[in-house]
Structures are given as structure tokens and as C-alpha cells.
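Q: Please take a close look at one pocket of the model shown here, starting from the residues that line it. Please then follow the chain outwards from that pocket and describe other places that deserve a specialist's attention.

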Amino acid sequence: MCEKLIQKLTEKESKMIEIRRYLHQHPELSFKEEQTSKYIADFYQDKDVTIEEGIGERGIKITIDSGRPGKTLAIRADFDALPIEEDTGLPFASQNKGVMHACGHDAHTAYMLVLAETLAEMKDHFTGKVVVIHQPAEEVPPGGAIGMIKDGVLEGVDHVLGVHVMSTMETGTVYYRPGYVQTGRAFFKLKVIGKGGHGSSPHAANDAIVAGAEFVSSIQTVVSRRLNPFETGVITIGSFDGKGQFNVIKDHITIEGDVRGLTNDTKRTIEKEIKRITNGLEVMYGVTCELEYQDDYPALYNDPEFTEYVGKKLKNADLDFDVALCEPQPPSEDFAYYAQERPSAFIYVGAAPEDGEMYPHHHPKFNISEKALLTSAQAVGTVVLDYLKGDDDHE
């Protein structure tokens with residue numbers, strides 16, 4: 001059965017690539033993916049599946065029902081792009097100015113469409129159901145996963161499996177890791193309000209820049225002195241807006257920053273300490289602080305039992321790629337919301353270009369090896385068929 005799936009997918013590799021290139025040429029930003037959503041829904045119109053549109057606004061839920069009782073496995077692919085001007089020089093580069101598939105979501109959608117089509121053709125060979133989650137808006141908080149979950153996309157689902165192609169990982173290898181695998185993130189914006197004045201008379205003013213500089217220095221101690229050395233946390237100041245005249249003391253400044261933590265407990269510790277330092281700044285400098293703290297995505301936790309099952313099945317399958325354990329990944333991912341609701345696994349497919357320089361995700365020159373599409377389809381399809389073979393033992 002698995003050999004038949006692999007053969008079918010291999011024969012359709014060019015179709016995956018064609019779809020990926022079309023989507024790459026027509027990217028749409030998060031929460032604005034009208035044409036992409038329509039393209040996905042249209043693809044399924046003549047397929048033996050159930051189509052539900054408008055899940056979480058533009059999300060699409062596809063159900064492949066074998067007609068026999070069994071488990072239900074959800075597989076997810078996102079389809080939004082980024083506000084980046086493409087600089088790859090590819091013949092199928094973005095035609096939408098200032099918008100680019102710079103994270104690989106075009107590849108996710110392409111492999112998933114062809115895999116779902118193939119699974120629908122083979123549904124007499126498994127039990128239970130496959131739920132295909134085509135998700136918008138992964139890139140922008142609050143993300144598209146929350147809306148789809150609220151609209152019931154996980155009803156009846158036992159486990160969820162997701163994949164991300166990675167330009168920074170070796171092509172020809174699938175990677176997995178049980179437990180916490182990607183950081184959660186938060187955003188903060190701090191306005192420090194002092195009293196403006198002339199540079200010649202600082203005693204008559206209250207310098208917001210000095211207070212803000214103290215804040216920047218102090219929060220560096222949160223990671224070095226408030227976190228256990230074995231915890232992973234990052235605080236980044238991305239913006240310090242204090243521009244003014246060289247001889248004028250600013251009455252206010254605005255600081256914006258990014259927080260990452262590999263566990264949700266770490267994130268909570270960092271939040272508590274940033275708020276504590278902010279309160280102390282008011283006392284120390286006599287300024288007023290307005291802090292906006294937005295908790296974006298939770299840390300992504302791979303269910304150990306299900307993830308080990310996925311890794312074991314892929315290692316034991318006779319497939320044309322390697323399987324390896326990977327380190328936790330620094331970026332955040334709203335697949336974490338599915339993992340909070342159901343035991344889930346999020347795995348990675350190496351997609352480093354064979355020719356030319358490797359660029360990271362969200363870079364204007366980002367590109368992937370298109371070999372990763374077939375690898376993704378084979379990996380996910382293999383797990384689906386094994387999971388739904390009618391055997392409840394997934395050890």
C-alpha cells in the first residue's frame with residue numbers, strides 16, 4: 001500500500017512543482033489570501049472529498065472519509081506569504097510587488113494538494129478519516145490557527161501532523177524532535193514619558209532617553225540572571241525611537257521588542273521581569289511608563305509518544321531520504337495552537353538549495369530545493385497510511 005502511494009506521488013512530482021511555482025508567482029499576505037484560498041478550494045471540486053470553506057475566515061477543511069470506522073488524523077499546511085520584495089531572480093518570481101513566499105508556504109500547499117488528491121484516490125486502502133487543514137495567516141498574530149480551531153476544524157481529530165520545509169537544513173533529510181521544539185513569542189512596546197527641555201539645562205528636565213537606555217541595559221539581565229542556565233530565552237530590542245534635535249532633551253521615547261522562550265514557563269518569567277523592571281524605572285527616574293505587552297504564539301510542544309511514533313515509522317520505511325533528530329528551532333510557529341488541543345507532531349524537511357547560496361527564511365533571496373516537495377508528501381503520506389491501517393498500536 002505504501003509502495004503504491006510512493007509510486008503515485010513520484011509520478012506527480014512535476015505537478016507539485018508546477019503548483020508551487022504558480023503559488024510562488026501569486027503570493028498574498030496574511031488575512032488577505034482571497035485568491036489563494038479560492039485556488040485551493042477549486043482544486044478539490046472534482047475530488048472525492050468533503051470541502052468546507054470559510055473556516056476561520058479563509059481557511060479550508062478537507063475531509064477524506066474511508067467509509068470505515070477508525071482514527072482521524074489531521075494534516076496541516078499554511079498558505080500565506082510575507083511583506084517582502086523578492087530578489088531571487090527566479091523565472092517564477094513573485095508578480096505581486098512587495099509580497100513574497102519567503103518562508104516556503106507555497107511548497108507546503110503544493111505538496112499537500114497533491115498528497116490529498118492521492119489519498120482520496122486510495123481511501124479504499126485505509127480506515128477512518130484524514131482531515132486536511134489548509135490554514136491562512138500563519139505569519140501574523142493572532143494567526144490563522146486560532147480561528148480554524150474556534151470554527152471546529154479539530155472536532156473528532158485524534159492527532160495532528162505538520163511539516164515545515166527548511167532552507168537551512170540538508171536536502172534529503174527529514175528531521176523530528178519530541179518535546180518543546182520551537183519557541184513561543186511575545187511583543188512589547190514601551191513608551192517612557194519624561195519632561196522635555198534644553199540640553200543646556202538638564203536639571204530642569206527629565207530625560208526620557210536616559211531612562212529608556214537604563215531599561216535596555218537592565219532587561220539584558222533577565223536572560224543572564226533570572227533564567228535557569230538550561231532554559232532558552234531571548235529578548236531583542238528591535239526599535240528605539242528617540243530621534244530629535246541634538247540639543248533638546250526628549251520628553252518621551254518608544255521602545256519595541258521581541259521575546260522568545262522555548263517553554264511557556266520561560267515566557268512567563270520573562271514577562272514578569274520586564275514588567276518589574278518597567279515599574280522600577282518609574283521609581284528610579286520619576287518617569288511615567290506605558291507598557292503594551294502582547295503574548296503572541298505559545299511554545300510548540302511535540303507530543304513525545306506521537307512524535308516518536310512518527311520518527312520510528314519514517315526510519316523504518318523504505319524511503320529515499322534520511323531521518324534524523326534535530327535541535328529545537330528558534331523561530332515561532334502557530335501550529336503550537338493545534339498542539340495545545342491535540343497530541344501533535346511538527347517535523348522538518350530539509351530544503352537547502354543544491355546550487356547557489358543558502359538564504360534563511362524571510363530573506364528576499366530565500367529559495368528552496370524543490371526536491372523537498374516530494375519528500376514532504378512521501379513522509380506525511382507514509383505516516384497517514386500507517387496510522388490509519390486499522391491498528392491502534394502506534395508505539
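A: In this predicted model, the second largest pocket is lined by T88 and L90, together with P353, E354, D355, G356, E357, Y359, K365, N367, I368 and S369. The space inside this second largest pocket comes to about 230 Å³, and by class its lining is made up of 4 nonpolar, 4 polar and 4 charged residues. The charged residues of that lining are E354, D355, E357 and K365, while L90, P353, Y359 and I368 are the nonpolar ones. The polar class is filled by T88, G356, N367 and S369.

The stretch between β16 (344-350) and α10 (371-387) is a loop that holds H362, a residue that also belongs to the account of the other main pocket. Phi of H362 is positive, near 70°, although this residue is not a glycine. Most residues other than glycine have a negative phi. H362 counts as partly exposed because its relative accessible area of 38% falls between the limits of 20% and 50%.

H362 also leads to the largest pocket, since H362 is listed with C103, P331, S332 and H361 as the residues that lie nearest the centre of that pocket. The largest pocket has a volume of about 320 Å³ and is lined by 17 residues in total, which divide into 6 nonpolar, 6 polar and 5 charged.

E370 brings in a link to a part of the chain that is remote in sequence, for the C-alpha atoms of E370 and R21 are separated by 9.7 Å although their positions lie 349 residues apart along the chain. R21 has its place in helix α2 (residues 13-25), and, once residues up to four places away in sequence are set aside, R21 touches F92 and E370. R21 is partly exposed, because its relative accessibility of 34% is neither under 20% nor over 50%.

Helix α10 takes in residues 371-387, and Y387 is found in this helix. With a relative accessible area of 1%, Y387 is buried. The side chain of Y387 makes a polar contact with the side chain of H159, at 2.7 Å, and the C-alpha atoms of Y387 and L73 are 7.8 Å apart even though the two residues stand 314 places apart along the chain.

A second buried residue with a polar partner is E117, which is part of helix α4 (residues 105-121). E117 counts as buried because its relative accessible area, 7%, is under 20%. The side chain of E117 makes a polar contact with the side chain of K12, the distance being 3.0 Å. Apart from its neighbours within four places in sequence, E117 is in contact with K12, K15, F43 and K47, so that three lysines and one phenylalanine make up this set of contacts.

Two further places stand out for their backbone geometry. E57 sits in the loop between β1 (50-55) and β2 (59-65) and has a positive phi of about 75° without being a glycine; its relative accessible area of 58% makes E57 exposed. The peptide bond from P141 to P142 is cis, with omega near 10°, and P142 belongs to the loop between β4 (129-135) and α5 (144-150). Most peptide bonds are trans.

Finally, for residues 183-278 an unreviewed UniProt entry lists "domain: Peptidase M20 dimerisation", an annotation that may be inferred rather than shown by experiment. Over this range the chain is 35% helix and 34% strand, and its end C-alpha atoms are 24 Å apart. N247 has a position in the loop between β10 (233-241) and β11 (248-249) and is partly exposed, with a relative accessible area of 28%. N247 and H198 are 49 residues apart in sequence, yet their C-alpha atoms lie 6.3 Å apart in space, and N247 touches both H198 and G199 when residues up to four places away are not counted.

How values were computed
Residues are numbered from 1 along each chain as its sequence is written. This is a predicted model: local features need pLDDT of at least 70, side-chain atom pairs count only at pLDDT 80 or more; totals for chains, interfaces and linings use all residues. Side-chain values use heavy atoms; hydrogens and water are left out. On a 1 Å grid over the protein atoms alone, a cavity is a set of points where a 1.4 Å probe fits but cannot get out, and a pocket is an open set with protein on both sides within 12 Å along at least five of seven lines; lining residues have an atom within 4 Å of a point. Grid points are joined across faces, edges and corners, and a volume is the space filled by probe spheres set on the points. Helices (H or I, at least four residues) and strands (E, at least two) are DSSP runs, numbered from the N terminus. Buried means under 20% relative accessible area, exposed over 50%, partly exposed in between (1.4 Å probe, protein chains only). A polar contact is a pair of N or O atoms within 3.5 Å; within protein, one must be able to donate a hydrogen and the other to accept it, and residues adjacent in sequence count only if both atoms are side-chain atoms. Contact means heavy atoms within 4.5 Å.
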